[in-house]
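Work through the following exercises with the sequence and the structure side by side, and try each task before reading its solution.

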Amino acid sequence: QSIQKLIESGKYDTGENFTVVLQPFLRHMEVPILDNEHPDVSYFAPDCFHLSRKFHMQMSRSLWNNMLQPVGKKSDFQDLTANISLSCPTQVGFGAKAKTILELRIQYQGVAWSIGGDKSLKIVTTLPNVLKKFNPRIYGFATGIGKWNSKFNVAVPGAMSHNVPKQARTLVQLMKNSSKINFKQDWKVITLFIGANDLCEYCMNKEAYSADNYVKHIEEALDILHQQVKVK
């Protein structure tokens with residue numbers, strides 16, 4: 001609610017060249033239950049914590065549809081069992097394609113729901129692959145495994161909200177230094193998804209990982225992006 005209040009305050013709506021929109025499709029979600037009354041673990045990596053490629057695909061569809069829904073009328077429910085069709089107009093993919101515990105450390109970033117760009121939409125459902133249907137020349141999506149082809153994917157495994165301002169600065173610098181884009185004139189879609197690791201640490205330090213501190217870190221990162229990446 002605090003994040004929503006921050007966005008609705010109008011702080012980032014100072015012109016037509018920048019905005020921040022909350023996509024609430026994960027606000028309400030239930031893991032599907034199988035006929036044997038056990039959770040359907042096919043949506044998760046072998047550690048039952050990180051997301052599988054199957055889950056990444058569902059999230060990318062829900063994100064795209066959320067983006068096309070008007071503010072105030074966005075769906076806040078993620079039905080993992082639904083056959084989600086695309087409407088017309090942790091981010092590193094940690095363990096997304098893992099079959100064993102040993103493969104969990106591999107970053108399958110090319111299939112990450114919000115930044116992966118492996119192959120095509122027919123084979124890999126991600127937000128960049130959806131956008132490539134409209135503009136094949138978009139740049140910045142990650143491919144493959146590991147960090148060798150990250151491009152503008154600055155997500156870091158194990159990151160928490162206090163790391164996000166640094167990541168925002170890194171992203172800005174990467175875009176400024178890139179010869180592949182016109183930093184001042186090209187439109188940009190930036191996704192920010194953080195908080196799971198904060199929740200894991202909350203019970204160890206309730207003050208450091210409080211909701212107030214979480215919002216403070218997110219606001220600092222959004223301030224950096226607002227000041228630096230507006231189209232001119």
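**Exercise 1.** Find which residues of the largest nonpolar core touch the most other members, and work out which helices supply this core.

*Solution.* Bearing in mind that the model is predicted, begin with the 24 residues of the largest nonpolar core, among which M175 and V229 touch the most other members. Next, assign the core to helices: α1 (2–8), α4 (164–177) and α6 (211–228) each supply at least two of its residues, and the largest share, six residues, comes from α6. Then look around M175, which, once its neighbours within four places in sequence are left aside, is in contact with F152, I181, F183, K188 and V229. Finally, note a second, separate core of 13 residues, which includes F44, L51, L80 and L121.

**Exercise 2.** Determine how many disulfides the whole structure holds, and explain why C48 and C203 are not bonded.

*Solution.* A search of the whole structure finds zero disulfides, and a pair of cysteine sulfur atoms would have to lie within 2.5 Å to count as one. For C48, the closest cysteine sulfur is that of C200, and because it is 14 Å away, it is too far for a bond. For C203, the closest cysteine sulfur is again in C200, at 8.2 Å, which is also too far for a bond; C203 is moreover exposed, with a relative accessible area of 54%.

**Exercise 3.** Describe the space and the lining of the second largest pocket.

*Solution.* The second largest pocket holds about 310 Å³ of space. Of the 15 residues that line this pocket, Q4, E8, L22, V71 and G72 are the closest to its centre. Sorted by class, the lining has six nonpolar, three polar and six charged residues.

How values were computed: Residues numbered from 1 in each chain as written. Predicted model: local features only at pLDDT ≥ 70, side-chain atom pairs only at ≥ 80, totals over all residues. Heavy atoms only, no water. 1 Å grid on protein atoms, 1.4 Å probe; cavity = no way out; pocket = protein on both sides within 12 Å on 5 of 7 lines; lining within 4 Å. Points joined across faces, edges and corners; volume = space filled by probe spheres on them. Nonpolar A, V, L, I, M, F, W, Y, C, P; charged D, E, K, R; others polar. Core = buried A, V, L, I, M, F, W, Y, C linked by side-chain atoms within 4.5 Å. Buried < 20%, exposed > 50% of the residue type's maximum accessible area, 1.4 Å probe, protein only. Helix = DSSP H or I, 4+ residues; strand = E, 2+ residues; numbered from the N terminus. Contact = heavy atoms within 4.5 Å.
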